Amino acid sequence: MSSQKPLDVLIIGGGPVGLSTALQLTKLGIDAWCVERRATHSRHPKAGGLHPRTLELFHQWDIIDAVRSEAVPSHQAEGFRWTTRFVDGIHLGHILFADDAEALADAAEASPEPGCFTPQDEVEPILHQALLRAGGRYAFNTTAEILGQDEDGVDVALTDDSGTRSVRTRYVVAADGVRSRTRDALGITETISPVFGESVGVYFRSRRLTQLSENSPYALSWIINGDVIGSFARGPKDNKWIFNFARDPRLPDSTYDESFCTARLREAAGDPEVDVDVISILRWQHEAAVADAWRAGRVFLVGDSAHRFPPHGGFGMNSGVQDSANLVWKLVRVLRGTAGDALLDSYEQERKPVAEYNIEQCLINTERLKSTGFMVSDPSELATIELPEGEKIRRRITESLPAQHEQFRSAGQQFGFIYRSSALVSDGTEPEHSTVSDYRPTGHPGARAPYVRLQDPSGEFESTLDLPAGDFVVLAGQTGQAWSRAAESLGLRCVVISPPMTAGGTSFESLYGIDATGAVLVRPDGHVGMRVHMAPSNPEAVLRAGLGQILSNPAATL
Ligand SMILES: Cc1cc2nc3c(=O)[nH]c(=O)nc-3n(C[C@H](O)[C@H](O)[C@H](O)COP(=O)(O)OP(=O)(O)OC[C@H]3O[C@@H](n4cnc5c(N)ncnc54)[C@H](O)[C@@H]3O)c2cc1C
C-alpha cells in the first residue's frame, strides 16, 4: 500500500465518459486522475449523434465550439433516408427534420443547443485537450485493477510499461466500458436482454461518396436490398464515412476482413468502383443491459459499464456523459465535507431508472426498425426489392417509416425524465410526464430546470442554463426579493427573474409552477432540487432545511 497522500478520485477508463468525469472534477479543483489502458483514443467513431442536453453540458465545460466545429455541417445533416443503394438506388422514403415544423419549434424552445453529429473519435481528443488545459491528469497505456477498499479509500493496481504499482484513492469512478472488469471484480451483476443481432462497422474514406453527396441533406442513409442491409453515416470531414451492416452469425469472425467488408460496402453503395480506404473495422452486438448496482462502497459505475443500449436513438454516450454530470457534483460536495455520504446513494437512485427507460425505448426503436427491412433474418425476403415485382415490399417499407419517428424525435426522452431520490425535496405534487417525443417542461423537483432565455443587461448570462454552472442557485419569481437575502446569508447565489429579463414571451413563473413570490433551488447539475410555490415566512430556514436534505447534511453550509 502506498504511503503517499491519497488521490481524491481515480477514473478507470479514458473514453468519453471517463474524460467527461475527469474534466469536471479537475475544473472543480479535485485531485483526479484518469487512466486508459489503450495507447490512443478510440479510432472508431461509434457514437455520433450528440443530444442537446449533452451539448448544454459541453457548453458549460467550454468545449461546445470545438465540438461543433467537428460536426457534420448542418446542411448535410437535415435528416435520414431509406434507399436500395447509396448511388442511384430506389428511394424508399425519408425523414427530414424541417418537415416537422412543430418539432423544430419545440426543440428551439426546449434548449439553446440543437443536436449535432460529431463522431466519438473527434469528441474524445477535444475532451482530452480541455482536461489538459484545465491542469488535469490522463495516462494512456495504463491498466487499473481494484485491489480492495476500506472505509477511507480504495487501493488500485496500475500497470504500465514500467511495471505495476499500487495507488491509494478516496474514490474510484469506473468508466471502463461495456465489458467492465471493475464491475465484474466487484461482483456486480447485470440485468441483460438477450443479444438480438450483430453488426459490423467499417470506418473508411471515400472521395467519391463525398462528391456524390455534396448536396445531400441526409446524415444517414439506410440501405436495404437483397445483398446487404446496412447504413452509411457521413463523417464531418476528410471524406470519412461509417458503414454498418448486419453480420451473419453463421459466418466466422475471420470472414469479416477488409476485403469482405469492402465488397459488402460496394454492394451497398451500388457502385463497384467506389474508392474505399478502410480506417478501422468494429464488430458490435445489439444488446441491452443495466448493472444491478451502480455503487459498491467507494466505487461508482458510469457510462457503458453501468448500462448499454442498442444504438437506435443514440443514447449510449449521451447517457454516460449525463451520468458523470450527476455524480461529479455529489463527489465534490462529499470530498469537500459539505455533504453526507448518503448523497452519493442518490446517484444510482436517479440515474438507474433513466437507463432502464432508455433501454426500454431503444429496444422499441430497434423492433420498429425491423419493419424497414433492418435485421431481416431471411435476406431472400428482400431479393425482389429492386425488381418490378418488389413494389409490395417497397411500399411496406415506405409505409413503415412514419412509425420510426420516436427514434429521431425524442425530446421528451432526452429532457423529460424526473429524478426521484433522497437528494430532492418533494413539494407534494405529482409531475406531468413527458412522452418520448413531447417534452413537457416542468419545475417539479427532480426535473431538469427548464430553459428560459434571459436578457441580462450586464450580459453575464443568456439563459437559465447558464446560472447553475456547477453550483447551487436560487431562481426566484419577480417579487421574490426575500429569497435574495436568504440565499446571501447561506452563501448561495440568487437571481430574481423579472419579466423584462425573460425573452421570447416565456413566463418563468408559470413554466416553473411558482407564483411571483416563489422560488426554486437548482442543483449544480441543473436539476430542480426544491420548489417553493410561494414565499414562506422564513425563506432562510426553508432554504437551509432544503439544502440540508439535498446534501444529506443537516448543518449544510456551502
Ligand atoms: C455502432 C455504435 C453506434 C453508436 N452510436 C451512438 C450515438 O449516436 N450516440 C450515443 O450517445 N452513443 C452511441 N453509441 C454508444 C457509445 O459509443 C458508448 O455508449 C460510449 O462509447 C460509452 O463511453 P464510455 O466512456 O462509457 O465507454 P468506452 O467508450 O467503452 O470507454 C471505456 C474505456 O475504458 C478503457 N478501459 C477498460 N478497462 C480498463 C482498465 N482496466 N484500465 C484502464 N482503462 C480501461 C477502454 O480501453 C476504453 O477506452 C454507439 C455505439 C455503437 C457500437
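Begin at the ligand and select Val17: a backbone N or O atom of this residue lies 3.0 Å from an oxygen atom of the ligand. The model on display is predicted.

**The ligand and its shell**

Keep the ligand in view and add Lys46, where a backbone N or O atom is 3.1 Å from a nitrogen atom of the ligand. Next select Gln120; here the side chain takes part, with an N or O atom 2.9 Å from an oxygen atom of the ligand. Considered alone, the ligand exposes 1,000 Å², of which the protein buries 90%.

Now extend the selection to the whole shell. The ligand is surrounded by 29 residues, the closest being Glu36, Gln120, Asp304, Met317 and Asn318. Coloured by class, the shell divides into eleven nonpolar, twelve polar and six charged residues. Three elements, α1 (16-27), β8 (143-149) and α9 (316-336), each contribute at least two residues to this shell. Which of the elements gives the most to the shell around the ligand? Select α9, which supplies three residues.

**His44**

Move to His44, in the loop between β2 (32-35) and β3 (49-50). Is His44 buried or exposed? Its relative accessible area is 9%, below the 20% limit, and therefore His44 counts as buried. Apart from residues up to four places away in sequence, display what His44 touches: Gly201, Val202 and Tyr203, together with Ser280, Ile281 and Leu282.

**Aromatic pairs**

Show the aromatic side chains next. A pair of aromatic rings is described by the distance of the centres and the angle of the planes. The count for this model comes to 21 aromatic pairs.

Select Trp82 and Phe408, an edge-to-face pair with 6.1 Å from centre to centre and 75 degrees between the planes. Because Trp82 belongs to strand β4 (residues 79-83) and Phe408 to helix α12 (residues 405-408), this pair ties together parts that are 326 residues apart in sequence. Both Trp82 and Phe408 are buried.

Then select Phe86 and Trp241. Their ring centres are 5.4 Å apart and their planes stand at 85 degrees, so this pair is also edge-to-face. Phe86 sits in the loop between β4 and β5 (91-96) and Trp241 in strand β15 (residues 240-246), so that the pair links distant parts of the chain, 155 residues apart. Phe86 and Trp241 are both buried. Widen the selection to include Phe204, Phe232, Phe243, Phe245, Tyr256 and Phe260: ring pairs link these residues with Phe86 and Trp241 into a cluster.

**Arg368**

Proceed to helix α10 (residues 342-369) and select Arg368. Its relative accessibility is 29%, and Arg368 therefore counts as partly exposed. Add Gln404: the C-alpha atoms of Arg368 and Gln404 are separated by 6.5 Å, although the two residues are 36 apart along the chain. Neighbours within four places in sequence aside, Arg368 is in contact with Gln361, Ala403, Gln404 and Glu406.

**Two positive phi angles**

The tour ends with the backbone. Most residues other than glycine have a negative phi. Select Asp62, in the loop between α2 (52-60) and α3 (64-69). The phi of Asp62 is positive, near 65 degrees. With a relative accessibility of 59%, Asp62 counts as exposed.

Finally, select Asn239, in the loop between β14 (229-234) and β15. Asn239 has a positive phi of about 55 degrees, although it is not a glycine. Its relative accessible area is 23%, and Asn239 is partly exposed.

Key
Residues are numbered from 1 along each chain as its sequence is written. This is a predicted model: local features need pLDDT of at least 70, side-chain atom pairs count only at pLDDT 80 or more; totals for chains, interfaces and linings use all residues. Side-chain values use heavy atoms; hydrogens and water are left out. Helices (H or I, at least four residues) and strands (E, at least two) are DSSP runs, numbered from the N terminus. Buried means under 20% relative accessible area, exposed over 50%, partly exposed in between (1.4 Å probe, protein chains only). Contact means heavy atoms within 4.5 Å. A residue is near a molecule or strand if one of its heavy atoms lies within 4 Å of it. A polar contact is a pair of N or O atoms within 3.5 Å; within protein, one must be able to donate a hydrogen and the other to accept it, and residues adjacent in sequence count only if both atoms are side-chain atoms. Accessible areas come from the Shrake-Rupley method with a 1.4 Å probe; for residues, only the protein chains shown count as cover. Ala, Val, Leu, Ile, Met, Phe, Trp, Tyr, Cys and Pro count as nonpolar, Asp, Glu, Lys and Arg as charged, and the others, Gly among them, as polar. Rings of Phe, Tyr and Trp (its six-membered ring) pair if their centres lie within 6.5 Å; planes under 30 degrees apart count as stacked, over 60 as edge-to-face and the rest as tilted.
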